[in-house]
Amino acid sequence: MMNKWEGIVIRSIPYGESNSIVTLYTREAGKVTAMARGAKKPRSKLVAVTQLFTYGSFLIRKGRGMGTLEQGEQINSMRFIREDLEAMAYTSYIVEIVDRLTEENERRQGVYTLLYEALNAINEHYDPEAISLFVEWKMLVVGGIHPILHECANCHATEGEFAFSFRAIGFICHRCFHTDKYSVRITPNQLKLIRTFATVPISSVGDLTLKKETKTFLKRIVRTVYDEQLGVYFKTRAFLDQLETTPNLLPIKRAPKEE
């Protein structure tokens, strides 16, 4: 059966001397893996469309086993992402999250749109660290974790001071701080940001500018949830940590005023 699907290349690994095994996340069918025969040959028509992060239209022949990528048309090469070290690092992390938390041939609602909007925003020079936070918070639900962010997870209050509880996996109000001595106090602005990351589409936010300290604090919260509740290890996170400890690898950027 021949299928024409719109998708994004989230993984591409060599197979033999001239082939590649390509994993796409498609709009129509979710995650799909296909053999791209001859894709490593310099003159192959599949060279451009099998590059990591490429957004395109793909013609895939599906049978009982792995499909075969017959043709492809590049819609957006996401060139900036591949040329900028920081953008590439965070995009690699984003596609790994999507890859690890989704199953083959299973279409999960909202995942394709999230992936497309994240890569498109980073390619348009939006802050890749902030964009990755959208993906981290939103993909928790795909992993089976549903943080309680609209009220106190213990008493259901919606007003007061709040903290994030790793025991309740959500917010608890000041009346319930005693229920989790390891909870992390958050400011009203941090609470709004977490809700934004978890519920608002990337395309609706625009260029969100955050201070480095704010992003670091919110990353620690969501990554602790991943570590403790999902137990998923992401290889690309190690490189992100290396960038954090060796900032001289990246060009100097002006410290932003938080919006």
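This is a guided tour of a predicted model, moving from the whole chain to a helix, two empty spaces and two single residues.

**The whole chain**

Begin with the entire protein chain in a cartoon view, where seven helices and eight strands can be traced. Taken along the principal axes, the C-alpha atoms fill a box of roughly 65 × 45 × 30 Å. For 259 residues, a compact globule would have a radius of gyration near 18 Å, and the 20 Å of the protein chain agrees with that. If you colour the residues by accessibility, buried residues make up 51% of the 259. Contacts are worth a look here too: of those between residues at least 6 apart in sequence, 60% join residues at least 24 apart.

**Helix α7**

Next select residues 235-245, which form helix α7, and show the side chains of Thr236, Arg237, Leu240 and Leu243, which are buried. Seen down the axis of α7, these buried residues fall within an arc of 110 degrees, so they line one face of the helix. An α-helix has 3.6 residues a turn, so residues three or four places apart point the same way. Now turn to the face of α7 that points away from the buried side, where the exposed residues Lys235 and Thr245 are found. To see what covers the buried residues of α7, add α2 (85-101) and α6 (212-230), which are among the elements that do so.

**The second largest pocket**

Which residues should be selected to find the centre of the second largest pocket? Pick Trp137, Lys138, Met139, Val141 and Ala198, which lie nearest the centre among the 15 residues of the lining. The space in this second largest pocket comes to about 230 Å³. Showing α3 (111-123), α4 (128-142) and α5 (188-199) together is helpful, as each of these helices supplies at least two residues of the lining. The largest share, five residues, comes from α4. Colouring the lining of the second largest pocket by class gives nine nonpolar residues, five polar ones and one charged one.

**The largest cavity**

Rolling a probe the size of a water molecule over the atoms shows where empty space is left. A search of the whole structure for cavities of 30 Å³ or more finds one, and the space in the largest cavity is about 40 Å³. To frame this cavity, select Tyr126, Asp127, Ala130, Ile131, Phe134, Gly206, Asp207 and Leu208, which line it. By class, the lining of the largest cavity has five nonpolar residues, one polar residue and two charged residues.

Stay with Gly206, one of the residues of that lining, and follow the backbone around it, which belongs to the loop between α5 and α6. Is Gly206 buried, partly exposed or exposed? Gly206 has a relative accessible area of 28%, and is therefore partly exposed. A distance drawn from Gly206 to Gly110, C-alpha to C-alpha, spans 19 Å, while the two residues are 96 apart in sequence.

**Ser12 in strand β1**

For the last stop, select strand β1 (residues 2-15) and find Ser12 within it. Ser12 is partly exposed, with a relative accessible area of 32%. With neighbours within four places in sequence left aside, the residues in contact with Ser12 are Ser20, Ile21, Val22, Thr50 and Leu52. Finally, draw a distance from Ser12 to Thr33: the two are 21 residues apart in sequence, and their C-alpha atoms are 9.4 Å apart in space.

Definitions and conventions: Residues are numbered from 1 along each chain as its sequence is written. This is a predicted model: local features need pLDDT of at least 70, side-chain atom pairs count only at pLDDT 80 or more; totals for chains, interfaces and linings use all residues. Side-chain values use heavy atoms; hydrogens and water are left out. On a 1 Å grid over the protein atoms alone, a cavity is a set of points where a 1.4 Å probe fits but cannot get out, and a pocket is an open set with protein on both sides within 12 Å along at least five of seven lines; lining residues have an atom within 4 Å of a point. Grid points are joined across faces, edges and corners, and a volume is the space filled by probe spheres set on the points. Helices (H or I, at least four residues) and strands (E, at least two) are DSSP runs, numbered from the N terminus. Ala, Val, Leu, Ile, Met, Phe, Trp, Tyr, Cys and Pro count as nonpolar, Asp, Glu, Lys and Arg as charged, and the others, Gly among them, as polar. Buried means under 20% relative accessible area, exposed over 50%, partly exposed in between (1.4 Å probe, protein chains only). The arc is that of the directions from the helix axis to the C-beta atoms. Contact means heavy atoms within 4.5 Å. The radius of gyration is taken over C-alpha atoms; the globule rule is 2.2 Å times the number of residues to the power 0.38.
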